[in-house]
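Visitor: I am new to this structure and would love a close look at one part of it. Could you take me through the sheet, step by step?

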Amino acid sequence: AGGKWIGRDAILYTNWIPNEYTITLDANGGTINGNATQVLEDQFFMPEAINYVPQRAGGYVFTGWYMDQNCEYPWDMAQNKVEQSMTLYAGWEKIE
């Protein structure tokens, strides 16, 4: 459908441009040592930066990366995939 038979063997080459996504890590009140912005060309690969553990003074412990600033929707590397440029936010819990 839509193709044209050329009548002989042929070698066909493909050329594609991968999607490019920018992932920004927001320390959400803390600090990140390293590059907090990563550019991805593969939606299944999460940058090394996702393993960064940000720091926050004042008795807070890091609870993980979240898809929203209110830290209601955790980023799950096993389930979630990058489908667009996005920001992930550090979650914090106050230690009493």
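Visitor: To begin with, which residue in β4 does Ile23 stand opposite?

Guide: Happy to help. Please keep in mind throughout that this is a predicted model. The residue you are asking about is Met86, which stands opposite Ile23 in β4. A second such position is Leu25, with Leu88 standing opposite in β4. Both positions belong to the pairing of strand β1, residues 21–26, with strand β4, residues 86–94. These two strands pair in the parallel sense, over 4 bridges.

Now let us step back to the whole sheet. It is an open sheet of 4 strands, and the order across it is β2-β1-β4-β3. The edges are formed by β2 (37–40) and β3 (60–66), each of which pairs on one side only. From one strand to the next, the twist averages 25°. Along the sequence, the chain reads β-β-β-β, and there are 0 helices beside the 4 strands. You can compare this with the order across the sheet, where β1 and β4 sit side by side.

The pairing in the sheet is mixed. You have already met the parallel part, β1 with β4. On the other side of β4 comes β3, and here the two strands run antiparallel, joined by 6 bridges. A position to look for in this pairing is Val61, which stands opposite Glu93 in β4. As general background for following a strand by eye, side chains in a regular strand alternate between the two faces of the sheet.

Next, stay with β3, residues 60–66, and look at its rings. Phe62 and Trp65 form an aromatic pair. In general, such a pair is described by the distance of the ring centres and the angle of the planes. For Phe62 and Trp65, the centres are 5.3 Å apart and the planes make an angle of 70°, an edge-to-face arrangement. This angle counts as edge-to-face because it is over 60 degrees. The two partners differ in how they are covered. Phe62 is partly exposed because its relative accessible area of 22% is not under the 20% limit for buried residues. Trp65 counts as buried, since its relative accessible area is 7%. The structure holds 2 aromatic pairs, and ring pairs link Phe62, Trp65 and Trp92 into a cluster. Another ring to find is that of Tyr60: Arg56 lies over its face, at 3.7 Å from the ring centre.

The loops between the strands deserve a visit too. In the loop between β1 and β2 you will find Asn28, which has a positive phi of about 55° although it is not a glycine. The loop between β3 and β4 holds Cys71. Cys71 also has a positive phi, near 60°, and is likewise a residue other than glycine. With a relative accessible area of 21%, Cys71 is partly exposed.

Finally, here are some values for the chain around this sheet. Of its 96 residues, 25% are buried. The chain exposes about 7400 Å², and carbon and sulfur atoms supply 48% of that area. Among contacts between residues at least 6 apart in sequence, 55% join residues at least 24 apart. The pairing where we began, β1 with β4, brings together residues 21–26 and residues 86–94.

Definitions and conventions: Residues are numbered from 1 along each chain as its sequence is written. This is a predicted model: local features need pLDDT of at least 70, side-chain atom pairs count only at pLDDT 80 or more; totals for chains, interfaces and linings use all residues. Side-chain values use heavy atoms; hydrogens and water are left out. Two strands pair if DSSP finds at least two bridges between them. Axes are lines fitted to C-alpha atoms, for helices over the stretch in contact, and angles run from 0 to 180 degrees between N-to-C directions. Rings of Phe, Tyr and Trp (its six-membered ring) pair if their centres lie within 6.5 Å; planes under 30 degrees apart count as stacked, over 60 as edge-to-face and the rest as tilted. Buried means under 20% relative accessible area, exposed over 50%, partly exposed in between (1.4 Å probe, protein chains only). A charge sits over a ring if NZ of Lys or CZ of Arg is within 6 Å of the ring centre and within 35 degrees of the ring normal. Contact means heavy atoms within 4.5 Å. Accessible areas come from the Shrake-Rupley method with a 1.4 Å probe; for residues, only the protein chains shown count as cover.
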